[in-house]
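Trainee: I have a structure to go through and want to work on its cysteines and one helix. Can we take it by question and answer?

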Amino acid sequence: MYPAGPAWPKLRVLRAMWALLAVLLAPGRLWAKEDIQECIWHVVLIKFEAVGEEGRSDRFFDLEPLETLDSVFSLLVDAPTDQNEKYLGFPYYLKINYSCGGESSEAQVRKGHLTGLKPLVLVTFQSPVNFHRWKIEQLQIQMEGAPFRSKERCNAEEVCAMSWYTPMPIKNGSVVMYVDVSSNGLGPFIQNKRFHVNINGFLQKQQDNTLQFTVGNEIFNLIPRYFINVPSRPLWHTVDQTPVLILGGIPDEKSVLLTDTSFTDFFLVELNIDSCWVGSFYCPQASFTATIYDAIATESTLFIRQNQLVYYFTGTYVTLHESNQGSGSWVRVLANECIKKLCPVHAHSNGSEYVMALTTGKREGYVHFGTITDGRVSFELLPRQRSVCEGLQVMNCSIIWAVFIAGDYNLLLLVQMEDPTTKKYFQVVSYDLGFESSEPQEVLPCSPPVVVGNHLAILYTIPEFIPDARGLEFLMLLGTESHTTFLMVPKGMFYNQYSNLLYIWGNFLLQSYNYENFIYLADFPKEQSIKYLVNSFHGDMAIVTETEEIWYLLEGSYRMYKLFPSRGWEVHINLQVMHQSSVYTPNETMVTLFYEDTKLYQLVYLMKNQQGQLVKRHVPVEQLLMYQQLSNHYFFERQGSHLTLSFTNFCPFSVMRLRDLPNPQVYSRQERYRARPPRVVEPSGFHSENSLAVYQGLVYYLLCLHSEYHKPYADPVHDSTWRWSNKKQDQDYYFYLASNSQSPGNVYIDMASYEKIYDLKADYELPERIFLDKGTSYVFSVFLRVGEQSLEFTPERVLTSEELKSTVDLGVVLADPGCIEAVVRQKFLINRNSVLFRVTLSDKRSCFDQGLSGHHLLETSMLLKVAGAVGHCFQNTHQGPRMTHSLIWTTKNTTTTKDSAFNIMSHQSLGIEWLCLENSPCYDTIPHTIFAPEFFFKVLVSNRGVDKSTYCDYQLIFLLHIHGLPLSAKRAFFILMVSSSVFIGLVTLYIIFCLLLPVMVKAWNSLRWKINNIIMSESYYTYTSPSRNCSGTSETRSTVSSRVGSSDSSKVAEANQRAPEQTWKKKPLVT
């Protein structure tokens, strides 16, 4: 179950950190600056003749066995080999090494070899699609890396550079191989890693021995405009069967991304297609573009759509088709049709793969159903008699999406209806491929599911508006619910053949188990619109919207979680920046989203320092959900004089384990062989080219014996290695020769190293596949511990059986309850506060559709669900996330004691230097109030994993109260510059003011004097003008009254009296 998986005790340390998730603690003990380095495996494929060459890697395309081993095996006279047998070899080796941190890989590999490290390689062959031609089997071969010195010049006496090598086996009928590399337990700790090593049938060798793609020409320059701000697109392919993946969507270019390693590396290839554009009245095309819109990859054939044209290309796969004749060029199909969309079929069935093409124009309402068998492609027009529009008796309709259900052998069509009397509406229509058409029946748009004919049936009519969930997580659509004012706009469908779940998506998400009754998932916002869905087919599903948001849904539940953008994503990005990760930059564009081995991955184009890079990176769903929960559910508790941060744990259990698992081979039908390299007589233990060639021939011979004596079931009676049994009687003699360094060719072949394994043990997890037939049962137990896993030695309250029963409960969801049944019995372990659930999964002997053994199997699924765990319990391992190279702190004291320990802190000396470097949580602490910011670090010191002298775990937990954290250097420098600028500015202004003050006073006085002159002058002219007007008026009035004489006399006398006074008043103004 994901994410409701094991929640181990050490996860509690992480939960107590919230925003300080990158503090100085790692789960289990206190890590200093010098931490255990993370190591990772590296595997490359090289040709047989290139062994020992450094910097060499080859593509997997040559499938012809090597016939040059006879000269090597002819020397092995006294050896358990058959001189009359013709030994062949595989054309490739796997070159294996590893690296840790920043140390060079050469030094690490030498150190690992000297400490006994040997890589164990498990190659798993994927079964072919066409079981009519090839046997259905689950085959694995386990090998051990053989050390080999590099051929490069070296001044050292023994070795400078070295690697481990194993043969890369090839099996008829298989083009997809999984290579799992693990350690033998010696040397450094290196986590297991899986590699996809697939055969690329779209390469060919030129006359100059260079490789060239048969589908087009490789482009070596990844121009930024190909990816920046370009919408992401889905990656469509047949699940678990496709060796080469293809992704279109490069704007205005007929180019695709092509990979045979699941985007560990990739190629940009310009396709050599004609790019013909034909527009007509029956096939309207608004505009032409060279962009490859739809791209689908199958086991041996690639499909693309450009505009309304469809092409396919079949690769050269001798191991599949028993012929080396692939397509010479892209083949255009449906030449007279107008194709608007390709729809993928993710699962194969009946020995074939399928693809569907939706038509428009004159063929609106039809589907071209394509079948691919052994690279041969054929299309059939469906419905066979009349279009869907005619069958449903509507004027206009359009098929938006199509889904093929192999188990029922029918098509589910998402149809848009347009009728003059009604509005636009959408229906889910079923078409049965096993029946011919008959007379249609009258159908109303909103009527319940009704059979229109023997071939068409309306299963469901989608509501016009989005339902109003009224705060609920989901809503069962019964037709009586209320609706919002948002229109439902469906855009596509998705079907999971294992869980029988059908999804209809658009600006909503509906799910159904029977195609007729649907559940509305209310967590998805109606303002968004889904662009495509990504399913792992193991219970997980990711959703990408038109705005590039990423949502997550666990099948069988109804809660949806927003992964990006989100608070959890911000925390994850900050942690990655702290680790100085190179796959996260501020400027990035998601190209696609896909699942690989149940894990979610992004293909992202990064821009850094004006350089573009296309990288594949993991999306840690469980961690993102955990970060979101920690950021949403927290509270503060007072302890003494300060507050501490605490979190609410909604998970109903603290530990989940699987127990009592039976041996897997009986139920998984897995066959595994073991083949160790021959021992070399050389004291250094390094192999030679001849000893590696012997290893090649023995592995090849072992797989040949398997193919000749293969049985459907792994029965020890039919051991394919029995022909070597007659050599075992002389094995003591061969060992004697090797002990005395007399083995022929300096090679000792141990007969016990080449065998078939029948006693594989369960690996504490359920097998990927469980085969049940004839009433057989699979029984296992689920252990759940209730209560908190405290790191402190405090007594825990013992719960009663009733409390345990009400706290945890286990449910089983069956996709096909008519064929299998599940029985769950619970047992209460009161003394451990735990519950043990015994689960029995049985075949009901009621489904008998399969033919021969392994043919037409019913593919179904079982989902275990702990009530209340979805979204609250997160999968984690006992190792947990590990922080290295802390940016927060370091130790001052590096002097070790006699027991190789060093003192970190004591009551006399702190012993810790707080770095608070960039990208750490305590970096650049800014006060938000008048009080200084404070940090509380919860520290755990333990001897776990350090002290080997005792079985007891000693641990101490305490809080560190840190205050007075400095500002960052950048911010401090910025504040200094601003403060200095303000101070210097004020001083400069003061000096300027003092120097210019006298000049400014003098200028001001002069200006004021001139202003006064102007004002007084204006006053003078204003005063004199009215006096003259008044005299004139008096004179006029005197004349009218016949008093002319007296008036004139008085006027002259008055003027003579005022003249001296006015002259005196003007003098100060003139002087």
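Trainee: Is Cys-397 buried or exposed?
Mentor: This is a predicted model, so treat each value as computed. Buried means under 20% relative accessible area. Cys-397 comes in at 7%, so the call is buried.

Trainee: Which cysteine forms a disulfide with Cys-397?
Mentor: The sulfur atoms of the pair are 1.7 Å apart. The cut-off for a disulfide is within 2.5 Å. The partner has 9% relative accessibility and counts as buried. It is Cys-389.

Trainee: What is the handedness of the disulfide of Cys-389 and Cys-397?
Mentor: Look at the torsion about the S-S bond. It is about -95°. That sign makes the disulfide of Cys-389 and Cys-397 left-handed.

Trainee: How many disulfides does a search of the whole structure find?
Mentor: A disulfide is a covalent bond between the sulfur atoms of two cysteines. The pair Cys-389 and Cys-397 is one such link. Searching the whole structure gives four.

Trainee: How many residues apart in sequence are the parts that Cys-39 and Cys-100 tie together?
Mentor: A disulfide joins Cys-39 to Cys-100, S to S 1.8 Å. Cys-39 lies in strand 3, residues 39-47. Cys-100 lies in strand 4, residues 92-100. The parts tied together are therefore 61 residues apart.

Trainee: Is the link of Cys-39 and Cys-100 right-handed or left-handed?
Mentor: Both ends are buried: Cys-39 has 11% relative accessibility, and Cys-100 has a relative accessible area of 2%. The angle about the S-S bond is 110°. The link is right-handed.

Trainee: Where is Cys-847, the partner of Cys-819?
Mentor: The S to S distance of Cys-819 and Cys-847 is 1.8 Å. The pair links distant parts of the chain, 28 residues apart. Cys-819 sits in the loop between strand 53 (810-814) and strand 54 (820-829). Cys-847 is in the loop between strand 55 (834-843) and strand 56 (862-866).

Trainee: Is Cys-847 buried or partly exposed?
Mentor: Cys-819 is buried, at 11%. Cys-847 has a relative accessible area of 22%. The buried class needs under 20%. Cys-847 is therefore partly exposed.

Trainee: Now the helix. How far apart are the end C-alpha atoms of helix 7?
Mentor: Helix 7 covers residues 621-632, twelve residues. At 1.5 Å a residue, the expected span is 16 Å. The model agrees, with the end C-alpha atoms at 17 Å.

Trainee: How many residues of helix 7 are buried?
Mentor: Among the buried residues are Val-621, Leu-624, Tyr-627 and Ser-631. Helix 7 is largely enclosed by the rest of the structure, because the buried count out of twelve is ten.

Notes
Residues are numbered from 1 along each chain as its sequence is written. This is a predicted model: local features need pLDDT of at least 70, side-chain atom pairs count only at pLDDT 80 or more; totals for chains, interfaces and linings use all residues. Side-chain values use heavy atoms; hydrogens and water are left out. Helices (H or I, at least four residues) and strands (E, at least two) are DSSP runs, numbered from the N terminus. The expected span of a helix is 1.5 Å times one less than its number of residues. Buried means under 20% relative accessible area, exposed over 50%, partly exposed in between (1.4 Å probe, protein chains only).
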